[in-house]
Amino acid sequence: MTEWEAYDRLADFIQDYIYDKKWDHLNPMQIQAIEKVPEKKENLLFTAGTAMGKTEAALMPALTEIYTHPVDSAGILYISPLKALINDQFYRIEEMLAGTGLSITRWHGDAQAAGKEKLLACPKGILQTTPESLEAMLCRHPENVRILFSEVQYVVIDEIHYFMGSQRGLQLLAVLERIQRIIRREPVRLGLSATIQNPEDALSWLGAGSGRPGAVIDYQEEHRQYQVSVTATRIGGADYPAVYGKKILAQSLGKRVLLFTNSRRECEILVDQVRRLALKAGYPDCYHIHHGSISKALREETEYQMKREPGPVLTGTTLTLELGIDIGDLDEVIQAAQPLKISSMVQRVGRSGRKTLRSSIAFHLRYFEETGGVPENLDLSLVRTIAMVELYFREKYLEEAKLPRYPMNLLIHETLSLLCERGCLYPPKLAEALLELSIFRSVSQKDLKAVLRQMVRKDLLKVYEDGAIGISDAGERICTGMDFYAVFESEETFSVRFGEQEIGTVDRGYRKDDHFFLGGRTWKVLGFDPKRKRIDVEPGTAMADIHFNGKGTLCTDRRTMEKIHEVLFSSERYAYLDGEASEILEEIRRLARAFRLDRLLAPEPGTDHLLLFPVLGTDTIRTLYYLWNSNGIACDRVFLRGFLYGLRLRSISERGLHQMTMRVLDRGCRINQAYLLRKERMEGKYFDLLPEELKYKEILEDMLDLEGAKAFLRDQVISGWGL
């Protein structure tokens with residue numbers, strides 16, 4: 001199909017939109033979509049870089065189809081991970097639909113009831129929502145599912161990589177299957193993502209519970225250029241010395257910049273520091289904060305300012321601006337601290353250079369100098385960052401999403417949700433309704449029985465005289481709570497208010513006259529009301545800090561570990577490092593050899609311990625830790641500044657380790673259940689309600705890598721651990 005043929009197939013209002021927006025052309029992805037989407041034969045996965053027109057590729061032919069062939073319900077169900085992303089897309093799509101008679105309706109907790117009521121009275125167009133809002137609809141008003149989706153043609157899932165491998169993603173798949181059962185049809189699924197390593201896995205995820213085959217429409221923009229720089233700063237007693245803030249200030253002067261951090265606390269500290277330095281030097285105050293603990297009104301004001309201000313402007317943020325919320329074109333992205341994942345790094349760098357196709361990311365790392373003569377004090381954040389840069393920008397490598405096999409926590413959630421939707425069910429019908437969901441394909445009848453018995457014991461369910469199972473009074477209280485629909489655990493939060501304005505939330509109380517950061521400002525506490533969960537504040541000037549619960553998890557896959565090892569023990573120089581970073585890299589390399597990190601197994605000086613530094617992923621190293629401790633080999637995890645890099649095997653010789661490892665293999669590589677459950681728990685608010693054997697099973701299957709650990713041990717036994 002030629003570009004003109006594709007253009008000619010679009011509805012008139014979309015052609016007008018393209019003309020008004022002065023598009024030069026349709027890209028190859030959009031042309032393929034215009035040809036394939038209306039056929040309704042396959043689920044389609046759109047993979048392309050940020051701002052390459054994935055949303056338009058999916059929606060233009062889908063909108064043309066429901067415009068020229070109207071249906072008696074919403075024609076497109078558009079699912080997004082964030083309400084803010086829905087709100088952002090809403091205005092773009094609403095402009096496209098002007099004058100067509102088609103509507104776009106937001107359906108989430110912050111959306112106005114009037115819009116929802118209007119759509120129920122006359123369902124049509126696009127419904128935008130989140131997995132949690134769909135779950136709420138199924139639980140509270142399943143009759144609305146028939147009204148709104150009886151003839152839905154397409155389900156668009158935005159930012160599919162965000163859902164893959166997570167509890168929210170599994171929840172979404174379960175909800176879509178339950179909707180399909182109610183409406184007795186399987187709409188076409190259209191998935192959108194900028195960061196997918198294995199399209200086949202993504203297609204499999206997208207099609208779970210759907211009888212349709214799948215196909216990938218991949219668009220690799222060949223002309224985009226990337227500019228990468230890495231700066232490292234030695235720090236002494238202060239975690240955030242002034243010299244570090246000055247470097248970020250200098251990097252951002254005169255530019256439109258997003259400053260990404262790995263935590264809300266770091267975001268608050270750095271923006272406050274950079275702002276103070278800027279104001280002291282006479283520069284304008286153009287600094288903002290955007291993260292999950294900032295109030296919705298202030299986040300939206302920041303988004304508006306980023307769109308409106310030509311620059312300079314800097315906004316400190318975490319995950320909330322990593323996805324595709326429109327904040328205009330950026331000159332540069334600054335990443336403070338090492339990236340948590342390569343896929344996250346790619347999302348972030350893609351926020352810059354959307355119009356010029358010249359993306360720029362500057363890493364500003366802090367280097368904690370090694371002290372004490374132990375490997376635990378060696379800071380590898382620079383090496384890990386270089387490895388990630390090399391893997392993506394030279395090899396286009398991304399981590400693969402690990403798809404959970406035993407989501408037992410979600411089994412409890414979906415049991416409650418399904419009974420909310422249908423009322424009481426006899427055990428065979430309940431088992432059929434749950435175990436036929438694709439996300440529970442690995443869960444056995446025996447597993448389900450154990451979960452149901454536990455839910456009855458914990459008073460979440462009750463069994464009626466005729467044998468039917470229903471929700472108990474205690475279970476009903478859980479299901480009617482507003483946080484029920486989210487599968488992740490919610491924090492207790494306190495609203496911070498300056499007069500009538502909400503600044504945001506914190507997850508701990510503060511005493512009168514305390515000071516803390518929030519929204520890039522310092523606040524003095526006037527009063528704390530724990531019953532109303534409210535903290536009243538006024539602007540403050542004293543030194544302050546803030547702490548939030550939770551932090552990003554530093555997990556590393558095997559390929560990234562291999563690249564880290566390669567960077568660490570090669571002599572290669574990297575042109576994108578500044579002078580100090582280059583010096584620090586050479587210092588780290590010398591220390592790594594002194595600590596024998598280049599050897600798989602070595603005696604620890606001055607002890608009778610062994611240090612093991614295997615080139616394995618985080619999950620495999622953790623599995624070895626549990627295997628050995630469960631089988632008589634005492635060992636500790638060796639974290640290099642929070643980065644799991646190896647193990648310390650206590651009071652054992654190399655020959656003894658060889659013999660003990662042979663016994664572990666002979667015994668079948670069993671991990672002690674009680675020991676594992678003392679040390680680990682899966683995410684999810686119902687995990688602690690599970691029977692012990694199912695907690696163990698879920699951790700073993702979805703958190704560890706037993707097969708990888710077995711393979712490593714077999715290889716080392718064959719090689720004799722280098723003896």
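In what order do the six strands of the open sheet run, and is their pairing parallel or antiparallel?

## The six-stranded sheet

In this predicted model, the strands of the open sheet follow the order S8-S13-S12-S9-S11-S10, and the pairing is parallel. Strand S8 (225–235) and strand S10 (287–290) stand at the edges; each has a single partner strand, so one side of each lacks a neighbour in the sheet. On average, and with direction ignored, neighbouring strands of this sheet are turned by 20 degrees against each other.

Within the sheet, strand S9 (residues 256–260) pairs with strand S11 (residues 313–317) in the parallel sense, over five bridges. Valine 257 has leucine 314 in S11 as its bridge partner.

## Helices packed on the sheet

Helix H13 (residues 264–280) packs on the sheet and touches S9, S10, S11, strand S12 (332–336) and strand S13 (358–368). The direction of helix H13 makes about 175 degrees with that of S10.

Helix H22 (residues 579–594) also packs on the sheet, where it touches S8 and S13. Its direction makes about 65 degrees with that of S8.

## Aromatic pairs

The model contains 16 aromatic pairs. In one of them, phenylalanine 13 and tyrosine 67 have ring centres 5.0 Å apart and planes at 70 degrees; planes over 60 degrees apart count as edge-to-face, so this pair is edge-to-face. Phenylalanine 13 belongs to helix H2 (residues 12–20) and tyrosine 67 to helix H4 (residues 54–68), so the pair ties together parts that are 54 residues apart in sequence. Phenylalanine 13 counts as buried, at 11% relative accessibility, whereas tyrosine 67 is partly exposed, with a relative accessible area of 35%.

A further pair joins phenylalanine 613 and tyrosine 645: the ring centres are 5.8 Å apart and the planes stand at 50 degrees, so the pair is tilted. Phenylalanine 613 lies in the loop between strand S22 (610–612) and helix H23 (618–630), and tyrosine 645 in strand S24 (residues 643–649); the pair therefore ties together parts that are 32 residues apart in sequence. Both phenylalanine 613 and tyrosine 645 are buried.

## Aromatic cluster and charges over rings

Tyr226, Tyr392 and Phe393 form one aromatic cluster. Arginine side chains also meet aromatic rings. The charged end of arginine 366 sits over the ring of tyrosine 240, at 4.1 Å from the ring centre. Arginine 384 lies over the face of phenylalanine 643, 5.7 Å from the centre of the ring.

How values were computed: Residues are numbered from 1 along each chain as its sequence is written. This is a predicted model: local features need pLDDT of at least 70, side-chain atom pairs count only at pLDDT 80 or more; totals for chains, interfaces and linings use all residues. Side-chain values use heavy atoms; hydrogens and water are left out. Rings of Phe, Tyr and Trp (its six-membered ring) pair if their centres lie within 6.5 Å; planes under 30 degrees apart count as stacked, over 60 as edge-to-face and the rest as tilted. Helices (H or I, at least four residues) and strands (E, at least two) are DSSP runs, numbered from the N terminus. Buried means under 20% relative accessible area, exposed over 50%, partly exposed in between (1.4 Å probe, protein chains only). A charge sits over a ring if NZ of Lys or CZ of Arg is within 6 Å of the ring centre and within 35 degrees of the ring normal. Two strands pair if DSSP finds at least two bridges between them. Axes are lines fitted to C-alpha atoms, for helices over the stretch in contact, and angles run from 0 to 180 degrees between N-to-C directions. Contact means heavy atoms within 4.5 Å.
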